[in-house]
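Work through the following exercises with the sequence and the model in front of you, and try each task before you read its solution.

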Amino acid sequence: MNYDLVIIGGGPAGLAAAVAARDNGIQSILIIERDKELGGILNQCIHNGFGLHTFKEELTGPEYASRFIDQVKEKNIEYKLNTMVMDISEDKIVTAMNKTDGMFMINAQAIILAMGCRERSRGALNIPGFRPAGVFSAGTAQRLVNIEGYMPGKRVVILGSGDIGLIMARRMTLEGAKVLAVAELMPYSGGLKRNIVQCLDDFNIPLYLSHTVIDIEGKERVEGITIAEVGPDRKPIPGTEIHYDCDTLLLSCGLLPENELSKAAGVAINPITSGPIVNDGLETNIDGIFACGNVLHVHDLVDFVSQEAANAGKNAARYIQGQTSNETKEIQVKAEDGVRYTVPCTIRPEVMDDNLCVRFRVGQVFKNSAIAVYFDNELISKRSKQVMAPGEMEQVILLKKKIEEYPNLSEITIKIEEA
């Protein structure tokens, strides 16, 4: 099989990338999705709050996904469901399998990685205690409640204040469970401010910052959870223990980009995001392999995923049509002083768009600070912000015409400074 463009993942990123590639003149496109339907994680996100940027209205996850699925079908973009990609080679041969075609190989001119992310499991969290039934990741609980129609439990403690955990605190309450507490290891929440207000404050669910689970009781099923405050070394402080009688523990301790395929293909991975290192065109170090969405870095809004994926689709189309060159000069984009990482990591002034959005997250909570941009050692812009937190993504817009004023520019630095 030969296709101009193969997109791995049929979630919000894969769908938006496919639509953009078709709009930019690519006819031969295949989306490969391992689930039984397109839409990815959005199918289980039945709460609203999606689409305010993209469609200027508030939608649920399935409604947002269906807008893109409809476009994919209208444009006759091919897709294969229930199909698992086993391997991607450096010369862009995709090996996949399903029960109708068996194992098959596809030659692609370009590949877009859009596999999304997964949750940190209990095994990665080092929680002491037994391994009884009743310990779920928040995303698994969300799927059980919203798609399968099962209640994971009646009395619930949640560890981690990521967005899925906060949303599940509200969801479980609305379904009749009692959410006793949300404990967060860090001194700040990992979720969006609006989710803390709408999901915890509105339902009087306490949030304990700098707390973690130190014991799980129960042999067959969870019977109790003990949480305790942690010090700056993240070790529990004796005497601060709080015990809850409960039957369920939900874990919402962060998301990790799903990059096993990327690593096997030789894609360079950023140790901070756990996603590929990309240039301004969202192209990885391997010629013709692009990445977008949560496989690149974990986003807080699906609207930003769609914007980024559309960019990847457009740039993959340019690559297939031979409109890009690897001979162009690259400028490094560096993250310093409170900025954890940037996407992209390099830009090519000759081929970049007129406006380039650089997205990043901060490493701690900053109040009354500013985002500063330096060209080499010269301060170019400074924007004050009252609050910046790791749970919310920040951005800087770089202008091509400004960069062209500095022909010898070698690096752009983004950092947090006093306002």
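**Exercise 1.** Find which strand runs parallel to strand E11 (residues 155–159) and how many bridges join the two, and then place them in their sheet.

*Solution.* Strand E11 is joined by four bridges to strand E17 (residues 248–251), and the two run parallel; strands here are DSSP runs of type E with at least two residues, just as helices are runs of type H or I with at least four, both numbered from the N terminus, and two strands pair if DSSP finds at least two bridges between them. Within this pairing, Val157 has Leu249 of E17 opposite to it. The model is a predicted one, in which local features need pLDDT of at least 70 and side-chain atom pairs count only at pLDDT 80 or more, while totals for chains, interfaces and linings use all residues. Residues are numbered from 1 along each chain as its sequence is written, and side-chain values use heavy atoms, with hydrogens and water left out.

Next, widen the view to the open sheet, where five strands follow the order E10-E17-E11-E12-E13 with parallel pairing. Strand E10 (135–137) and E13 are the edge strands, and because each has a single partner strand, one side of each is left without a neighbour in the sheet. On average, neighbouring strands of this sheet are turned by 20° against each other, direction ignored, where axes are lines fitted to C-alpha atoms (for helices over the stretch in contact) and angles run from 0 to 180 degrees between N-to-C directions.

**Exercise 2.** Determine which residues of helix H5 (residues 193–200) are buried, and what they pack against.

*Solution.* The buried residues of H5 are Asn195, Ile196, Cys199 and Leu200, where buried means under 20% relative accessible area, exposed over 50% and partly exposed in between, with a 1.4 Å probe and protein chains only. They lie on the same side of H5 because they cover an arc of only 105° around the axis, the arc being that of the directions from the helix axis to the C-beta atoms. These buried residues pack against helix H4 (163–174), strand E12 (178–184) and strand E13 (207–209), with contact meaning heavy atoms within 4.5 Å.

**Exercise 3.** Describe how strand E20 (residues 331–336) pairs with strand E22 (residues 346–347) and with strand E27 (residues 411–418).

*Solution.* With E22, strand E20 pairs in the antiparallel sense over two bridges, and Ile331 stands opposite Ile347. With E27, strand E20 runs parallel and is joined by five bridges, and there Gln332 has Glu411 as its bridge partner.
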